[in-house]
Amino acid sequence: FFSRPLGPVFSDHMSPKEGDPERGQRLFESRASQCHYAKKGQHSVGPSLWGVVGRVSGTVPNFGFSIPNKRAAILWTEETLEKYLENPKKYIPGTKMEFAGIKSKKDRLDIVAYLKTLSD
């Protein structure tokens, strides 16, 4: 009936609710690498994001988290990370993270898809 698909076209490794980890890596490098490393155990202004998916907020050894971040005790899942990246200061009031957030849901999903790749 229709000669072309309706709506966005997604690659084999991506659905409308999942992000593109390759694009997410580029976004991470341009927006987050000034304060976070993607390597295990290497901290900067912010904690290492290696293994962040599945970790509880404020629990990385040898990093000085804010009290609100520790008390929040958020399990970082794809969903919680996506919401946090939209507006960190709203998600965890009192956080030390000086980042306004990412308005684009696609960008957030892509970054989270990349963060999922940072694990053993």
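**A walk from the pocket to the salt bridges**

Helix 1, helix 3 and helix 5 each supply at least two residues of the lining of the largest pocket. The model in front of you is a predicted one, and this pocket is a convenient place to begin reading it. The space inside the largest pocket comes to about 650 Å³, and 33 residues line it, with H36, G46, P47, Y84 and M97 lying nearest its centre. Of the parts of the chain that form the lining, helix 3 gives the most, with three residues.

Helix 3, which runs over residues 78-86, deserves a second look. Its residues T80, L81, E82, Y84 and L85 are buried, and the buried residues of this helix pack against helix 4 (88-91) and against helix 5. Y84 therefore appears twice in the picture, since Y84 is among the residues that lie nearest the centre of the largest pocket and is also one of the buried residues of helix 3, where buried means under 20% relative accessible area.

Contacts between charged side chains also connect helix 3 with helix 5. The side chains of E82 and R108 meet in a salt bridge, with 2.6 Å from N to O. This pair links distant parts of the chain, as E82 belongs to helix 3 and R108 to helix 5, 26 residues apart. Both partners are hidden from the surroundings in the sense of the cut-off of 20%: E82 is buried with a relative accessible area of 6%, and R108 is buried with a relative accessible area of 4%.

A further salt bridge is formed by E78 and K116, whose closest N and O atoms are 3.4 Å apart. Because E78 lies in helix 3 and K116 in helix 5, this pair ties together parts that are 38 residues apart in sequence. Here the surroundings can be described in another way, for E78 is partly exposed with a relative accessible area of 34%, and K116 also counts as partly exposed, at 39% relative accessibility.

Helix 5 is joined to helix 1 as well. The side chains of D107 and R23 meet in a salt bridge of 2.8 Å, taken from N to O. Since D107 lies in helix 5 (residues 105-116) and R23 in helix 1, the pair ties together parts that are 84 residues apart in sequence. D107 is buried, with a relative accessible area of 9%, whereas R23 is partly exposed, with a relative accessible area of 25%. The count of salt bridges in the model comes to eight, and those that share partners join R23, R31, K106, D107 and D110 into one network.

What, then, is the nearest side chain of opposite charge to R55, which is buried yet has no salt bridge? That side chain belongs to D120, and it is 9.9 Å away; because a salt bridge requires the nitrogen and the carboxyl oxygen to be within 4 Å, D120 does not qualify as a partner of R55. R55 is placed in the loop between helix 1 (21-31) and helix 2 (67-72). A polar atom of the R55 side chain does, however, lie 3.1 Å from the backbone oxygen of S48. If residues up to four places away in sequence are left out, R55 touches S48, L49, W50, V60, I74, L75 and W76, and S48 thus appears both in this list of contacts and as the residue whose backbone oxygen lies 3.1 Å from the polar side-chain atom, within the 3.5 Å allowed for a polar contact.

Methods: Residues are numbered from 1 along each chain as its sequence is written. This is a predicted model: local features need pLDDT of at least 70, side-chain atom pairs count only at pLDDT 80 or more; totals for chains, interfaces and linings use all residues. Side-chain values use heavy atoms; hydrogens and water are left out. Helices (H or I, at least four residues) and strands (E, at least two) are DSSP runs, numbered from the N terminus. Buried means under 20% relative accessible area, exposed over 50%, partly exposed in between (1.4 Å probe, protein chains only). Lys and Arg count as positive and Asp and Glu as negative; His and the chain ends are not counted. A polar contact is a pair of N or O atoms within 3.5 Å; within protein, one must be able to donate a hydrogen and the other to accept it, and residues adjacent in sequence count only if both atoms are side-chain atoms. Contact means heavy atoms within 4.5 Å. On a 1 Å grid over the protein atoms alone, a cavity is a set of points where a 1.4 Å probe fits but cannot get out, and a pocket is an open set with protein on both sides within 12 Å along at least five of seven lines; lining residues have an atom within 4 Å of a point. Grid points are joined across faces, edges and corners, and a volume is the space filled by probe spheres set on the points.
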